[in-house]
Amino acid sequence: MSAPLILISNDDGIQSPGLRALCEALLPLGEVVVMAPEVERSAVGHAITISDPLRVTEVDLKLDGVTAYACSGTPADCVKLAVLSILPQRPDLVVSGINHGSNTGVNVIYSGTVSAATEGAILGIPSLAVSLDYRGSGNLEPSKIIARRIAAGVLETGLPTGTLLNVNIPDLPAEQLPPGWQEGHGYDLTVHGKSDWQDHFDRRVDPQDRVYYWLTGQRREIEEESNTDEETLKAGRVSITPLHFDLTDHRAREALASWELFKPA
Ligand code: MN
């Protein structure tokens, strides 16, 4: 069997240190091709480009064995375009990251990092998103080992069709990470939590006296089950949440079933 083909993308842009780290981490597992936004496209969610052309430029990342392309589009565009038009064959794995900052709770919805992996899952390819919580040193070395362990596991066993893994890694020195992390054990299988932001728009005035707004905010501390993505990360553990893109609210279907609207005609 030939070496697996691995597509790497992100939302921090083709020049981000996290993308480079991910390439280095996954090179031992197969052939690596990168298609990533030419500039940072964080928090663009699952946006795709339909009213503008998509431009692709080959970029030399100075990494032996890595072919890389910068794309003018969003993270979802990158994965879609690479799979359908650029790669020589379907990739065996799509990996997005390593994002600068965690993607837990409501951030999963806004995240371009997660959306690149979601696009992979939509295309039926095993996919994962990897984010580092960046509260300490931002050392990417432990994340590289963790990403490689998880990617190797997914290449070996696959994932249910339409499922992606959302991986969040605490920003801790190697000796404070949970036992077994280097060998690929002791990670936490978590659920998507509800942590969100206390949003605030900073109202400012530009030099032409026109008012503008800038979104800021801080994470809201909420009480959650300990097995959510955010709580697990806060406890200094590696969180792996399987996600899918079925947005149906099954509990609400039961609650709504008695509504007049749904009575037979
Ligand atoms: Mn980002």
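## A manganese site and a nine-stranded sheet

Along the sequence, the residues that donate to the manganese ion follow the spacing D-D-x29-S-x56-N. Keep in mind as you look around that this is a predicted model.

In the structure, those donors are Asp11 (OD), Asp12 (OD), Ser42 (OG) and Asn99 (OD1), and they coordinate the manganese ion at 2.1 to 2.4 Å. Are the two aspartates buried or exposed? Aspartate 11 has a relative accessible area of 2%, so it counts as buried, the cut-off being under 20%. Aspartate 12, with a relative accessible area of 16%, is buried because it also falls under 20%.

Now to the sheet. It is open, with nine strands in the order β3-β4-β2-β1-β5-β6-β7-β11-β8, and its pairing is mixed. The edges are formed by β3 (56-59) and β8 (188-189), each of which pairs on one side only. Strands of a sheet pair through backbone hydrogen bonds, in either a parallel or an antiparallel sense. Here, β7 (residues 164-169) and β11 (residues 239-243) make an antiparallel pair over five bridges. Within this pair, valine 167 lies opposite isoleucine 240 of β11.

Two helices that pack on the sheet are set out below.

| Helix | Strands touched | Angle between directions |
|---|---|---|
| α2 (residues 75-86) | β1 (5-9), β2 (31-37), β3, β4 (66-71), β5 (93-100) | about 135° with β2 |
| α4 (residues 112-122) | β1, β5, β6 (127-132), β7, β11 | about 170° with β6 |

Strands β1 and β5 are among those touched by α2, and α4 touches β1 and β5 too.

Technical notes
Residues are numbered from 1 along each chain as its sequence is written. This is a predicted model: local features need pLDDT of at least 70, side-chain atom pairs count only at pLDDT 80 or more; totals for chains, interfaces and linings use all residues. Side-chain values use heavy atoms; hydrogens and water are left out. Two strands pair if DSSP finds at least two bridges between them. Helices (H or I, at least four residues) and strands (E, at least two) are DSSP runs, numbered from the N terminus. Contact means heavy atoms within 4.5 Å. Axes are lines fitted to C-alpha atoms, for helices over the stretch in contact, and angles run from 0 to 180 degrees between N-to-C directions. Donors are N, O and S atoms within 2.8 Å of the metal (3.2 Å for Na, K and Ca); water is not among the atoms, so sites may look incomplete. Buried means under 20% relative accessible area, exposed over 50%, partly exposed in between (1.4 Å probe, protein chains only).
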